[in-house]
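Here's a walk through one protein model, strand by strand and contact by contact. Have the structure open while you read.

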Amino acid sequence: MGERQRGRRGDYVQFVPLTTRWADNDVYGHINNVAYYAFIDTAVNQLLIGQGLLDVTGSPVIGVAAESGCRYHASAAYPDVIHAGVRVGRLGSSSIRYEVGLFRNDEDEATAEGFFVHVMVDRDTMRPVPIPPRLRAWLEGLVR
């Protein structure tokens, strides 16, 4: 089985800088794997909130995570700055596959690359609904 090539910054569309915290380090002196999932989730939601596409307490349609994964290429440690590059890998009728590359400081190759799938649901019924038009229009700009 061949080695998978690490993603580069140019593979992603929008970036969110995230500061690491002392508590993100594990006993081995690098960022613990669970923190990478938090970086991925934070980057996507920060973009959605910044675009006015998500009100965490009031949006009638919300995204719930249906699947996630992460591949680790190299280590990062506090006090590194993580630059989370975001793109949309797949846009369905009610689901979105976000792909996020995590880049350490000024490095061009990803330290880790992850994804998660959001299924859009009605907040009250928790049943799947179509992606709202305004959100879909913005997401189309992130498709790679």
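Let's start with a charged pair: D24 and R21 form a salt bridge, with their closest N and O atoms 2.8 Å apart. The two partners sit in contrasting surroundings, as D24 counts as buried at 4% relative accessibility, while R21 counts as exposed at 52%. Bear in mind that this is a predicted model.

**More salt bridges**

The count of salt bridges comes to eight. As general background, side chains of opposite charge can pair when their charged atoms come close. Here are three of the pairs, with the distance between the closest N and O atoms and the relative accessibility of each partner.

| Pair | Closest N–O distance | Acidic partner | Basic partner |
|---|---|---|---|
| D24 and R21 | 2.8 Å | D24, 4%, buried | R21, 52%, exposed |
| D80 and R104 | 2.7 Å | D80, 9%, buried | R104, 25%, partly exposed |
| E99 and R97 | 2.8 Å | E99, 15%, buried | R97, 28%, partly exposed |

Salt bridges that share partners also tie R6, R8, D108 and E109 into one network.

The salt bridge between R104 and D80 has its closest N and O atoms 2.7 Å apart. This pair links distant parts of the chain, with R104 in strand β4 and D80 in the loop between β2 and β3, 24 residues apart.

**Around T20**

D80 turns up again when you look at T20. Which backbone oxygen lies 2.6 Å from a polar atom of the T20 side chain? That oxygen belongs to D80. T20 itself is found in the loop between β1 (14-19) and α1 (33-50). Is T20 buried or exposed? With a relative accessible area of 7%, T20 is buried, because buried means under 20%. Leaving aside residues up to four places away in sequence, T20 touches I31, F39, A77, Y78, P79, D80 and I82. If you want a sense of scale, the C-alpha atoms of T20 and G50 are separated by 20 Å, and these residues are 30 apart along the chain.

**How the strands pair**

Now for the sheet pairings. β1 pairs with strand β3 (residues 81-91) in the antiparallel sense over six bridges, and F15 stands opposite G85 in β3. From β3 you can step across to strand β4 (residues 95-104): nine bridges join these two, which run antiparallel. One place to check that pairing is H83, which stands opposite F103 in β4. β3 and β4 form a hairpin, with three residues between them.

Next comes β5, which pairs with β4 in the antiparallel sense over eight bridges. Here R97, also seen in the table, has V117 in β5 as its bridge partner. Strand β2 (residues 61-72) is joined to β5 as well, by 11 bridges, and the two run antiparallel. Along that pairing, G69 has F115 in β5 as its bridge partner. How many of the 11 residues of β5 are buried? The number is 10, so β5 is mostly covered, taking buried as under 20% relative accessible area.

**E113 in β5**

E113 is a good place to finish. This residue sits in strand β5 (residues 112-122) and is buried, with a relative accessible area of 8%. The E113 side chain reaches the backbone nitrogen of G7 at 3.1 Å. Not counting residues up to four places away in sequence, E113 touches R4, Q5, R6, G7, Y12, G69, C70, R71, H73, V100 and G101.

Key. Residues numbered from 1 in each chain as written. Predicted model: local features only at pLDDT ≥ 70, side-chain atom pairs only at ≥ 80, totals over all residues. Heavy atoms only, no water. Helix = DSSP H or I, 4+ residues; strand = E, 2+ residues; numbered from the N terminus. Buried < 20%, exposed > 50% of the residue type's maximum accessible area, 1.4 Å probe, protein only. Contact = heavy atoms within 4.5 Å. Polar contact = N/O pair within 3.5 Å; in protein donor to acceptor, adjacent residues only side chain to side chain. Pairing = 2+ DSSP bridges. Salt bridge = Lys/Arg side-chain N within 4 Å of Asp/Glu carboxyl O.
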